[in-house]
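Hi everyone, thanks for making the time. I'd like to walk you through one model this morning, so please have the sequence and the viewer open.

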Amino acid sequence: MKEIEMVAVFDFGSQYAQLIARRIRELGVYCEIVRHDITQDELGRLNPAAIILSGGPSSVFESGHPRMDRRVLDMGIPVLGICYGMQILARIMEGTVEKGKGGGEYGPARITVKSPIGIFADLPSRLAVWMSHGDHVTQAPEGFSVLAGTSACPIAAMANSDKKIYGIQFHPEVVHTPKGLDIIRNFLFNVASCKGGWTMGKFIDESVTRIRDLVGDDTVICGLSGGVDSSVAAALIHRAIGDQMKAIFVDNGLLRAGEVEEVHTLFTKEYPLNFRIVDAGERFITALKGVTDPETKRKIIGKTFIDVFSDAADDVHGAKFLAQGTLYPDIIESRSPSGGPSSTIKSHHNVGGLPEDLQFELIEPLKELFKDEVRILGKELGLPKKLLNRQPFPGPGLGVRLIGEVTEEDLAILRNADLIAREEIERYDKKQEIWQFFAVLLPVKSVGVMGDERTYANVVAIRAVTSLDAMTADWARIPYDVLGLISSRIINEVAGVNRVVYDISSKPPSTIEWE
């Protein structure tokens with residue numbers, strides 16, 4: 001039996017399973033993600049204070065859909081089923097689930113709370129929520145009452161208060177459900193009587209011990225990009241094993257303007273590490289020649305990174321481990337970390353792009369964290385504020401912001417356009433509200449008029465989003481005059497561009513990056 005209070009999150013393949021865990025930890029309660037088919041006996045050994053059933057991409061009407069051990073519901077443990085988790089509850093407990101009509105319900109919705117008890121205690125009667133479902137419950141199981149609904153989904157929440165089993169069709173874990181954290185808090189503390197007390201400091205202590213035990217006297221090569229993720233990973237590993245970690249920064253030729261110089265200054269003067277730069281730009285560009293498929297590009301970049309590290313390891317005695325700043329959003333978009341039925345969205349160079357014959361053992365100390373947690377962790381480790389506030393930048397760099405084949409000419413266009421966009425956003429008085437902003441070079445050309453002459457030139461898209469954790473994002477409402485200045489400067493200062501467009505897509509259904 002575990003002494004620490006914990007919550008078990010059943011992973012039914014949701015892209016948000018770890019985000020649910022993130023919210024629980026944010027409220028000071030430790031949690032673990034477990035397989036959806038964990039047995040009653042296995043769960044009993046974990047001794048959870050509560051259970052949350054995640055959503056998932058499957059339908060309860062599909063053959064072989066993810067199931068759970070029915071006996072778990074007889075253990076007397078409070079349960080909250082979210083989306084697919086609610087539908088599983090309804091099917092197991094003999095309610096009725098039907099396929100959604102008209103393609104389901106996706107995006108923002110408003111629920112009317114009919115019974116403000118349990119998870120809805122002390123909350124308004126009308127709540128903005130985020131829906132993402134096709135199937136829905138049309139008849140609650142015996143013993144359940146309907147707590148909330150919408151016009152499209154009359155049973156948006158249900159509960160058996162005596163058994164402390166709740167089901168909700170919407171997603172409280174995403175930021176687009178404004179009172180979602182309050183709903184989870186009510187479940188944890190009011191329904192399940194959790195006590196809380198888990199902190200990031202405890203995460204650091206546990207991680208340091210785990211890294212020391214794993215590495216022993218061996219050496220770790222850390223892939224350091226200069227971004228928040230890899231820098232925090234390096235700092236955490238350095239705290240555990242000191243100079244046994246060798247940080248290597250790979251200039252892959254796909255970096256933003258001034259990136260190499262900035263990273264060099266940061267890690268040789270501001271936050272010194274055992275650090276070296278490897279110039280491999282030509283190697284990456286050559287490997288990407290003629291390649292247009294985004295998945296193939298990511299895998300080529302991932303393999304080339306490993307090849308570069310392998311060569312660098314020849315100069316590092318006893319290098320057995322490769323450390324990366326992989327975060328959970330990277331993992332769940334590439335594969336399910338717990339063997340669950342998650343859908344693959346895209347490969348990340350430090351996840352799906354790794355070769356099967358990798359000669360290193362991987363260390364990914366941040367793989368269960370989200371970006372906002374990583375920044376908190378970095379602050380606890382004493383990293384500079386300037387570093388922790390850096391814009392997120394993908395491992396494949398500009399290679400996945402240049403749609404289509406990667407060429408030196410197009411990289412120069414994109415790099416210059418991106419620099420202008422970043423310069424103007426940095427001058428914007430509300431820049432702190434923007435999670436990420438960058439330029440994308442599109443594989444199309446458009447007709448224009450410049451100097452009374454017809455042009456046929458490139459199109460640049462500007463992407464700017466607001467987010468807390470990169471799992472969901474909305475397009476940033478940047479003032480027209482700021483966007484106009486960015487457009488004007490790019491068209492006038494970057495040769496080969498005659499049109500600038502602004503991306504107003506949210507995530508989901510889009511991703512933040514274009515590839």
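Let me start with a term I'll lean on: when I say contact, I mean heavy atoms within 4.5 Å. And please keep in mind that this is a predicted model.

With that in hand, go to Val232, which sits in helix α6. Leaving aside neighbours within four places in sequence, Val232 is in contact with Leu366, Val374, Leu377, Gly378, Leu381, Leu383 and Leu388. How buried is Val232? Its relative accessible area is 0%, so it counts as buried. There is also a nice long-range pairing here: Val232 and Gly382 are 150 residues apart in sequence, yet their C-alpha atoms are 9.7 Å apart in space.

Gly382 follows helix α11 and has a positive phi, near 85 degrees. So let's look at that helix. α11 covers residues 371-380, and 7 of those 10 residues are buried. The buried ones are Lys371, Asp372, Glu373, Val374, Arg375, Leu377 and Gly378. What covers them? The cover includes α1, α5, α6 and α12.

You may have spotted a lysine in that list. Lys371 has a relative accessible area of 8%, and because the cut-off for buried is under 20%, it counts as buried. Setting aside residues up to four places away in sequence, Lys371 touches Val228, Asp229, Leu327, Pro392 and Trp435.

Further along α11, Leu377 has contacts with Met200, Phe203, Ile204, Val232, Leu236, Leu366 and Leu369, again leaving out neighbours within four places. That brings us to the nonpolar cores. The largest has 71 residues, and Phe10 and Leu377 have the most contacts inside it. Which helix gives this core its largest share? That is α6, residues 228-241, with 9 residues. A second, separate core of 48 residues includes Val308, Tyr428, Val460 and Ala476. As background, in soluble globular proteins nonpolar side chains tend to be buried together.

Trp435 came up a moment ago as a neighbour of Lys371, and it turns up again with Gln391. Gln391 is in the loop between α12 and α13, and it is buried, because its relative accessibility is 15%. A polar atom of the Gln391 side chain lies 3.3 Å from the backbone oxygen of Trp435. Beyond its neighbours within four places in sequence, Gln391 is in contact with Arg256, Ile434, Trp435, Gln436 and Phe437.

Now over to helix α4, residues 180-191, for a quick geometry check. At 1.5 Å a residue, its 12 residues should span 16 Å, and the end C-alpha atoms are 15 Å apart, so the two agree. The buried residues of α4 are Gly180, Ile183, Ile184, Asn186, Phe187, Leu188 and Val191. They pack against several elements, among them β1, α1 and β7. After the helix comes Ser193, with a positive phi near 60 degrees.

Ser193 has company on the backbone side. Asp122, in the loop between β6 and β7, has a positive phi of about 65 degrees although it is not a glycine. Asp122 counts as exposed, because its relative accessibility is 78%. Lys164, in the loop between β10 and β11, has a positive phi near 60 degrees, and at 36% relative accessibility it is partly exposed.

For the omega watchers, two cis peptide bonds are worth a look in the segment after β20. One joins Lys507 and Pro508, with omega about -15 degrees. Another runs from Pro508 to Pro509, with omega near 10 degrees.

What about disulfides? The count is 0. The cysteine sulfur nearest to that of Cys31 belongs to Cys194, 10 Å away. For Cys83, the closest is in Cys153 at 9.2 Å, which is too far for a bond. Cys31 is buried at 5% relative accessibility, and Cys83 is buried at 4%.

Finally, confidence. The mean pLDDT of the chain is 89, and 93% of its residues reach 70 or more. Over residues 335-349, though, the pLDDT is below 50, and this stretch has 58 contacts in the model beyond near neighbours in sequence. Where pLDDT is low, the predicted coordinates should not be read in detail. Thanks, and I'm happy to take questions.

Note on methods:
Residues are numbered from 1 along each chain as its sequence is written. This is a predicted model: local features need pLDDT of at least 70, side-chain atom pairs count only at pLDDT 80 or more; totals for chains, interfaces and linings use all residues. Side-chain values use heavy atoms; hydrogens and water are left out. A disulfide is a pair of cysteine sulfur atoms within 2.5 Å. Buried means under 20% relative accessible area, exposed over 50%, partly exposed in between (1.4 Å probe, protein chains only). Helices (H or I, at least four residues) and strands (E, at least two) are DSSP runs, numbered from the N terminus. The expected span of a helix is 1.5 Å times one less than its number of residues. A nonpolar core is a set of buried Ala, Val, Leu, Ile, Met, Phe, Trp, Tyr and Cys residues joined through side-chain atoms within 4.5 Å. A polar contact is a pair of N or O atoms within 3.5 Å; within protein, one must be able to donate a hydrogen and the other to accept it, and residues adjacent in sequence count only if both atoms are side-chain atoms. pLDDT is the predictor's confidence in each residue, from 0 to 100.
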